[in-house]
Amino acid sequence: MILQGLLIKFHDLHNCLRPDSKPLTLLAVDVLVEAVGLTKRYPPRDKHSEGFVAVDGIDLTLHRGELFGFLGPNGAGKSSTMRMLACVSPVTAGTLRVLGMDPAVDGRKVRSRLGVVPQDDALDSELSVAENLRIYGRYFGLSKSAIAQRSAQLLEFAELTDRATERVDALSGGMRRRLTIARALINSPELLLLDEPTTGLDPQARHLLWDRLFQLKQEGVTLILTTHYMDEAEQLCDRIVVIDRGVIVAHGSPRELIARYTSREVLELRFDAGTELASAEKIRVAGIGDRTEVLAARLLCSTDDGEAALGAVHRLGISPIHAVVRRSTLEDVFLSLTGRTLVD
Amino acid sequence: MAATTSAAGLSIEPDPSSRPFLGRHEFAYRLQRYRRTWRGTVVISLVNPLLFLIAVGLGLGHVVSHPAALHGVSYLAFFAPGMLAASAMQNGIVESGWPVSRGVSKGGSYRVAITTPLESTDIMFGHLLFMAMQIALSAIAFVAVMAAFGAAKSWLALLAVPAATLTGLAFATPTAAFAATVSSPKVVGNLFKWVVMPLYLFSGTFFPVTQLPLALRALAYATPLWHGVDLCRTLSLGTATWGRCAMDVGFLSAVTVLGIVVARHTYRRRLYG
C-alpha cells in the first residue's frame, strides 16, 4: 500500500514537472535510444568495388537528460550511426529503438519528436533566417502562430534576433550553425542529434556554441553529438563512446576513460627528426612513465608525475628540443586505444 | 522539458502520418522559394519562347509558306502550338533537372526534409506538384499571347494549357528520376545537348514530321514531344479528333507515370542509401 502510494505520488510529480507530455510508463521515460548489434553495411557501388561495413555491431543505451558523445576519427562510422538514429538510414542488422519505437515501422512518428543538426547545415541560402525556420516548422505541420512564437524564442536563443530578415548568405559560419541548431529545435524535440557541430568554426564561435549546447542540456534536452575533437567531448559530454572502424573501442565518462586508459599526466618531448626512436628506447628501458608512444618526431610519455619523469629523462642524458608536461586528455585515451591520433 | 525546448502552449500534431498528403509542405517550401526567385525563371520559361513567337510571327512566318505541308494554315498558327509544347518540355526539364539534383546532393533541401515526418515519396510528389504548377503558369501565359497574335484558331486552344502541362510533366518526371541519381547538377546540362535540342528540331515543332524520311519519322512518333506537339497543335487549330487526342494523352500519361514509378525508386535509393 505504501509503495503504491509512493508510486502514484511519483507519477503525479512527474506529470506536473512535465505538463506538456503525455503520461509515460516509468521505464520508457528513461531510455531514449537502445541499440543492440547495430550494423550498417553499404552495398557495393559497382561491380568492381566491394560493400562497406560502416557500423559493425554496436550496443548503445541512452537515457533522458544525457549529453552523449560519439568520438572518433573521420570515417569511423559516427555519421552512419547518427543517420540510423535519425531514422533516415535503414538498419542493416541488429535492433534499434528510438523513443521506444522501431524506426523501420514508426519512422515518421519518431522523426516528429527529434531534432537533427546536419554537419553541412543545409540551410536555404536564398531565404531569410526567419523563413528557414518557418519552412522547417511547416514540415512538422506546426501552425503559423506556433511557428512565429517559437521562432521568436529560438532566434533569441541563437542570438540572431536582429538578423531575422537577412538572407542566410550574409551570415558567418558560427551564425549559420546556431541557426541550424535553432531550426532543429522548432518542434521542441525530445532528442537532439548533432553531427560534428563545431567542425570548421573558429575558437570563439565554438565556445559560444558550447555554451548554447550546455544551456540546452541544463534545460533538460537530451543531446547526442559526434565529434573528432577531444576537448569538445571532454567539455560537454556526460558519457562518451570511442568509435573506431565501426566498432566501439571504449565507453564511459571522460574522466573514467582518462583514468582507465591513460595516466594523470603526459610528458611531451620533441626531438630532432630521426633521433626520437633511439631516445624512446632508452626511456622505455629506464622504465620512465607507464607508456611511451612515438608520433612523428614527438614522444608522448604517460605518467602520474610529469615533472619527475622529465627529471629522469634529463638524468639519462637525453636532451629534447622541447618538453611540456600537461594533463592527460581524451586524445591520449584515443592514442592508447588505437595507436593513432584522431585528426590526421 | 524546460523553457527553451518545451514551448508552453505549442503542440505538435499527434500523429503526422494520419494527415493526408504531407507533400503539401514540400509544395509550400517550393512556393516560398519561388517568391524570391521567380524573376530569374520567367526569362527562360516565358520570354525566350515569346521572342521565338514574335520572330516567327513578324518575320519568318511571311517567308515560309507551303500550303500543302501546312494544310492551308499560316506558318505562325502552325508553329505557335508546336512552340508551346516544346517550351513546356524545356520547362519540365529545367524545373526538375537542376532543383532535384541539388535537392538530393549533400546539403540539399531534400536532405533536410527527410529529417522531418516527410518521406522521400512525399517530397517527390510535393515537388512534382510545384513543377506542374510552373509548367501550367507558363503555358497559360503562352496561350494568352498566342491568342493575342491570332495564332489560336479554335476555342479548343484553351485545352492546350492542360495538354502542354501534361507534355511538360512527361519530361519532368523522367528527368526527376534521372536527376535523383546524378552525382553533380552539371550532368543535367547534358540533357540539353543530347535530348532537348534534337527533339526541338525533329519532333514537329518547326515543320511537319511528314517532311522527314520514313525512318526518322518513325523515331519522331516514338518521342513524347511529337505527341505533345500533335496534341497542342490539333487543339489549337481545331482539328482535334477524339481518337487522336486519346492516343496522345495516353502516350504522355504513360511516360509521366513511368517517370513517377522510377523516380519513387531513385529518390528512395538516393536519400536513404
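This passage walks through the chains of a predicted model, covering sheets, domains and helix packing.

Because the model is predicted, local features need pLDDT of at least 70 and side-chain atom pairs count only at pLDDT 80 or more, while totals for chains, interfaces and linings use all residues. Residues are numbered from 1 along each chain as its sequence is written, and chains are lettered from A and ligands numbered from 1 in the order in which they are written.

Chain A comes first. An assignment of domains, whose bounds are automatic or come from a database, splits chain A into domain 1 (63-91 + 106-258) and domain 2 (263-327). Taken over C-alpha atoms, the centres of domain 1 and domain 2 of chain A lie 39 Å apart.

On to the sheets of chain A. Strands here are DSSP runs of E with at least two residues, helices are runs of H or I with at least four, and both are numbered from the N terminus. Two strands pair if DSSP finds at least two bridges between them. In general, strands of a sheet pair through backbone hydrogen bonds, either parallel or antiparallel.

One open sheet of chain A has three strands in the order β2-β1-β4, with antiparallel pairing. Its edges are β2 (52-63) and β4 (93-98), each pairing on one side only. From one strand to the next, the twist averages 20°; such angles run from 0 to 180 degrees between N-to-C directions, and axes are lines fitted to C-alpha atoms, for helices over the stretch in contact. Within this sheet, β1 (residues 31-42) of chain A and β2(A) are joined in the antiparallel sense by nine bridges, and A:Glu34 has A:Thr61 of β2(A) as its bridge partner.

Another open sheet of chain A is built from six strands, ordered β5-β6-β7-β3-β8-β9, and its pairing is mixed. Here the edge strands, each pairing on one side only, are β5 (114-117) and β9 (247-252) of chain A. Neighbouring strands are turned by 15° against each other on average, direction ignored. Five bridges hold β8 (residues 239-244) of chain A and β9(A) in antiparallel pairing, with A:Val242 opposite A:Ala250 of β9(A).

Then there is a hairpin. Strands β11 (residues 291-295) and β12 (residues 298-303) of chain A run antiparallel and share five bridges; A:Val294 faces A:Leu299 of β12(A). Two residues sit between the strands of this hairpin, and A:Ala296 in the turn has a positive phi of about 50°.

Chain B is another story: it has 11 helices and zero strands. Its C-alpha trace spans about 80 × 35 × 35 Å along the principal axes.

Within chain B, helix α4 (residues 75-104) meets helix α8 (residues 189-202), their axes coming within 10 Å and crossing at roughly 165°. The two are therefore roughly antiparallel, a label for angles over 145 degrees (under 35 is roughly parallel, 65 to 115 roughly perpendicular, the rest oblique). The crossing of α4(B) and α8(B) is right-handed, meaning that the near helix is turned clockwise from the far one by less than a right angle (anticlockwise would be left-handed). Residues count as in contact if their C-beta atoms, placed from the backbone, lie within 7 Å. On the α4(B) side the contact includes B:Ile93 and B:Gly97, and on the α8(B) side B:Val196 and B:Tyr200. Seven of its residues are nonpolar, two polar and none charged; Ala, Val, Leu, Ile, Met, Phe, Trp, Tyr, Cys and Pro are classed as nonpolar, Asp, Glu, Lys and Arg as charged, and the others, Gly among them, as polar.

Helix α4(B) also packs against α10 (residues 224-237) of chain B, with axes within 8 Å and a crossing of roughly 140°. That angle makes α4(B) oblique to α10(B), and this crossing too is right-handed. Among the residues that meet are B:Pro81 and B:Leu84 of α4(B) and B:Cys232 and B:Arg233 of α10(B). The contact comprises 12 nonpolar residues, three polar and one charged.

Finally, the two chains meet where α5 (residues 129-139) of chain A packs on α2 (residues 23-63) of chain B, at an angle of about 160° and with axes 9 Å apart. These helices are therefore roughly antiparallel, and their crossing is right-handed. A:Glu131, A:Ile135, A:Arg138 and A:Tyr139 of α5(A) make the contact with B:His25, B:Ala28, B:Tyr29 and B:Gln32 of α2(B). By class, this contact has four nonpolar, two polar and two charged residues.

Terms used
Contact = placed C-beta atoms within 7 Å.
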